Amino acid sequence: QMAESGGGLVQPGGSLRLSCSASGRTFNNFVMGWFRQAPGKEREFVAGISWTTGTTRYADSVKGRFIISRDSTKDTAYLQMNSLKPEDAAVYYCNALTSITVDTPLSNRWGQGTQVIVSS
């Protein structure tokens, strides 16, 4: 099961870095993704990264503001979120993706997520 961390309260325009790891698992050969779910909304894709090639893909709503990265030595994926907006507020989750070109999560199992609140 994935473990997400790093969320919190931040003012508009601020930054946060989220982390994702899976106890006892390696992300080698996977595509890892970040998703988010705001109250009353469907869970949506945010960003993905190929663990093997480092290829990344972003939702249009976060392009130029968010950066997904990975640390293979720690089997940890990160989401650097900059220039945060109130509409970025949500619970953020990570999961494997079926491929870098699609938004479909590989598993129906989700971690607890980490909450991001953007408010002044």
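1. Start with the pairing of β4 and β9: these two strands run antiparallel and share 7 bridges. One of the residue pairs to look at is V31, whose bridge partner in β9 is L97. Bear in mind throughout that this is a predicted model.

2. β9 has another partner in β10; the two are antiparallel and joined by 3 bridges. Here Y92 is the residue to click on, with T114 as its bridge partner in β10. As for cover, β9 is mostly hidden, with 7 of its 8 residues buried.

3. Next, the inside. The largest nonpolar core counts 36 residues, and W34, L79, M81 and Y92 are the ones with the most contacts within it. Two or more residues each come from β3 (16–22), β4, β5 (44–50), β7 (66–71), β8, β9 and β10 (114–118). Which strand gives the largest share of this core? That is β9, with 6 residues. So Y92 turns up twice in these notes: among the core residues with the most contacts, and as the bridge partner of T114.

4. M81 deserves its own look, being another of the core residues with the most contacts. Setting aside neighbours within four places in sequence, M81 is in contact with G14, S15, L16, L18, R65, F66, Y92 and V116. Y92 is on that list, and R65 is there too; R65 comes back below as part of a salt-bridge network.

5. There is 1 disulfide in the structure. C20 and C94 form it, with the sulfurs 1.9 Å apart. C20 sits in strand β3 and C94 in strand β9, so the link ties together parts that are 74 residues apart in sequence. Why call it right-handed? Because the torsion about the S-S bond of C20 and C94 is about 75°. Both C20 and C94 are buried.

6. On to charges: the count is 5 salt bridges. A network of them links R36, E44, R65 and D88. Within it, R36 makes a salt bridge with E44, where the closest N and O atoms are 2.7 Å apart. R36 also meets D88 in a salt bridge, at 2.9 Å from N to O. D88 lies in the loop between β8 (76–81) and β9 (90–97) while R36 is in strand β4 (residues 31–37), so this pair ties together parts that are 52 residues apart in sequence.

7. How covered are the members of that network? R36 has a relative accessible area of 5%, so it counts as buried. D88 is buried as well, at 1%. E44 has a relative accessible area of 35%, which makes it partly exposed. If you are checking the network by eye, the R36 and D88 pair is a buried residue meeting a buried residue, whereas the R36 and E44 pair joins a buried residue to a partly exposed one.

8. Last, a salt bridge with an exposed member: K63 and D60 meet through their side chains at 3.2 Å, N to O. Is D60 buried or exposed? With a relative accessible area of 64%, D60 is exposed. Set that beside D88, which is buried at 1%.

Key
Residues are numbered from 1 along each chain as its sequence is written. This is a predicted model: local features need pLDDT of at least 70, side-chain atom pairs count only at pLDDT 80 or more; totals for chains, interfaces and linings use all residues. Side-chain values use heavy atoms; hydrogens and water are left out. A salt bridge is a side-chain nitrogen of Lys or Arg within 4 Å of a carboxyl oxygen of Asp or Glu. Buried means under 20% relative accessible area, exposed over 50%, partly exposed in between (1.4 Å probe, protein chains only). Helices (H or I, at least four residues) and strands (E, at least two) are DSSP runs, numbered from the N terminus. A nonpolar core is a set of buried Ala, Val, Leu, Ile, Met, Phe, Trp, Tyr and Cys residues joined through side-chain atoms within 4.5 Å. Contact means heavy atoms within 4.5 Å. A disulfide is a pair of cysteine sulfur atoms within 2.5 Å. Two strands pair if DSSP finds at least two bridges between them.
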